[in-house]
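This report describes the strand pairing, internal space and charged contacts of one protein chain.

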Amino acid sequence: MVRFIEENTKHVDKETGNKSNTDVTTAKKKVLQDLIINNGGGLINSWVDSMRACSPTHLKSLMKQSSWLKEHPSALEMFEEILHASEGKQIVMFLDYDGTLSPIVDDPDQAFMSKQMRRTVRNLANCFPTAIVSGRCREKVYNFVKLTELYYAGSHGMDIKGPEQGSKYEADKSLLCQPATEFLPMIDEVYQRLMEKTKSTPGANVENNKFCVSVHFRRVDEKNWSDLANQVRSVMKDYPKLRLTQGRKVLEIRPIIKWDKGNALEFLLESLGYANCNNVFPLYIGDDRTDEDAFKILRERRQGLGILVSKSPKETNASYSLQEPDEVMDFLQRLVKWKQLRSGA
C-alpha cells in the first residue's frame, strides 16, 4: 500500500556543498518505495498506480520546474561551486549506468554507451577512483562498459569487484563483496517462474541480474499492467525472503537484506581507505529511485554530493541535477579537464 513517510532533510549550501543548520521537514510521498507482498485486496491496484506514477509519460511534477531547479540546480551551471566544495579533498566518482551513462531504451539489451562516453569514463578513472553502481548484474555492466580500471557494483551493490588492471586507485585486487550469495538458487528459481508466468504478456521482459530479477514493463501496453502485476504477485507470494521494489518502468525482485546502493557506496569508500576520513568527496550521479539510497547516505555523512539525472522534477535527496546522459558526459569531461590542469598534464 502507499506509504507516506515524513523525513527530516537539510538543505545543502550551494557554495560549500555542506548542509545548513536549518532543518526543513518535508512530507515525502514515496509511492510503493518498498512494495510489501501480502494478500491485501487492493494491492494490485496500488502496484498499477505506482507503475503509472513512476512512468515518465505519467509523472506529475511535484513542483514547478523553476522552483525545483532552485533546490536542485544544474551541476553544469554550478560547476565552480562544486569544485570549491571539493577543495583539498579526494574526489571519488560513483556512476549509475542506465539513464546516466547510456540512454534509456525500450530493449535493455541494447543500452549501449557511446564511444565518446566510454572514452570520457576511461579518462575519469585515470583522474579519480571510479565505480559503476547498477541494478544490472556485474558481468552485464562490464560487457557494456569494457573498462578494466573501474570498480563494478552490480545487482544494486550486491556484487562488487575491484579493477582487474590499469587503475591507480586499487584497494585490493581480490576485492569482492557478495552479501546475498545464499539467495542465488532462489533468485534463479524465481527468474524461471517469472519467465514462464509473464510470457503471455506482450512486451514483458524478465532479466536475471544474478542477485536480483528485473521485470521490465517499458514495452507493455498500459492496459496489461494489471495482468503483469498479478503475474508477478502470484510468484512472489511464495517467497517471503524476497522483496519487490520499483524503478523506471521496472519491477525489481531482491533479497530481504539490508543492502542497497548506499551500502555499496560505503563499502567502496571503506575499501579505498576513506571510511572515517574528512578529506574525501564522493560524487554520485544517478537517475533512478534506487540511487536515492546512495544520495541519502551522502546527506547523512555530510560528505560529497548527489546529482540526479532527470528532465522532470522529482523528490530527491540529490543536491544538483543534470538532464540527460549528454549532460553527464559534459560534466565528467569538465572534471577531467580540471584535474588534468591541476596535475599539469
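A salt bridge is taken here as a side-chain nitrogen of Lys or Arg lying within 4 Å of a carboxyl oxygen of Asp or Glu. The model is a predicted one, and every value below is computed from it.

## Salt bridges

Side chains of opposite charge can pair when their charged atoms come close. By the definition above, the structure holds 17 salt bridges. One of them joins Arg-138 to Glu-139, with 3.9 Å between the closest N and O atoms; that distance counts because the cut-off is 4 Å. The two partners can be set against the limits for burial, where buried means under 20% relative accessible area and exposed means over 50%. Arg-138, at 14%, is buried, whereas Glu-139 is partly exposed at 33%.

A second pair consists of Arg-193 and Asp-238, whose side chains meet at 3.2 Å, N to O. Arg-193 belongs to helix α6 (residues 184–198) and Asp-238 to the loop between α7 (225–236) and β11 (242–247), so this salt bridge ties together parts that are 45 residues apart in sequence. Arg-193 is partly exposed, with a relative accessibility of 30%, and Asp-238 is likewise partly exposed, with 39%.

A third pair, Lys-311 and Glu-324, has an N to O distance of 3.4 Å. Lys-311 sits in the loop between β14 and β15, while Glu-324 sits in the loop between β15 and α10 (325–343); the pair therefore ties together parts that are 13 residues apart in sequence. Lys-311 is exposed, at 53% relative accessible area, and Glu-324 is partly exposed, at 28%.

The three pairs are listed below.

| Salt bridge | N to O distance |
|---|---|
| Arg-138 and Glu-139 | 3.9 Å |
| Arg-193 and Asp-238 | 3.2 Å |
| Lys-311 and Glu-324 | 3.4 Å |

Beyond these pairs, salt bridges link Asp-98, Arg-136, Lys-140 and Glu-207 in a network.

## Internal space

Rolling a probe the size of a water molecule over the atoms shows where empty space is left. The count comes to 2 cavities of 30 Å³ or more. The largest cavity holds about 350 Å³ of space. Its lining is made up of 25 residues, and those closest to the centre are Asp-98, Ile-104, His-216, Arg-248 and Val-250. Strands β10 (213–216) and β12 (250–255) are the elements that give two or more residues to this lining. By residue class, the lining of the largest cavity divides into 12 charged, 7 polar and 6 nonpolar residues. Asp-98 thus appears in two settings, as a member of the salt-bridge network and as one of the residues closest to the centre of the largest cavity.

## The sheet and strand β14

An open sheet is formed by 8 strands with mixed pairing, in the order β8-β7-β6-β5-β4-β13-β14-β15. At its edges stand β8 (176–177) and β15 (320–322); each has a single partner strand, so one side of each is left without a neighbour in the sheet.

Strand β14 (residues 305–309) pairs with a strand on either side in the sheet order. Its pairing with β13 (residues 280–286) is parallel and spans 4 bridges, and within it Tyr-284 has Gly-306 of β14 as its bridge partner. The pairing of β14 with β15 is also parallel, with 3 bridges, and here Ile-307 stands opposite Tyr-320 of β15.

How many residues of β14 are buried? The count is 5 of the 5, so the strand is largely enclosed by the rest of the structure. Both of its faces are covered, with Leu-305, Ile-307 and Val-309 buried on one side and Gly-306 and Leu-308 buried on the other.

## Two asparagines in helices

Asn-263 lies in helix α8 (residues 261–271). This residue is buried, with 17% relative accessibility, and its side chain reaches the backbone nitrogen of Asp-260 at 2.9 Å.

Asn-123 lies in helix α4 (residues 115–127) and is partly exposed, at 30% relative accessibility. The C-alpha atoms of Asn-123 and Gln-333 are separated by 8.3 Å, although these residues are 210 residues apart along the chain.

Key. Residues numbered from 1 in each chain as written. Predicted model: local features only at pLDDT ≥ 70, side-chain atom pairs only at ≥ 80, totals over all residues. Heavy atoms only, no water. Pairing = 2+ DSSP bridges. 1 Å grid on protein atoms, 1.4 Å probe; cavity = no way out; pocket = protein on both sides within 12 Å on 5 of 7 lines; lining within 4 Å. Points joined across faces, edges and corners; volume = space filled by probe spheres on them. Nonpolar A, V, L, I, M, F, W, Y, C, P; charged D, E, K, R; others polar. Buried < 20%, exposed > 50% of the residue type's maximum accessible area, 1.4 Å probe, protein only. Polar contact = N/O pair within 3.5 Å; in protein donor to acceptor, adjacent residues only side chain to side chain.
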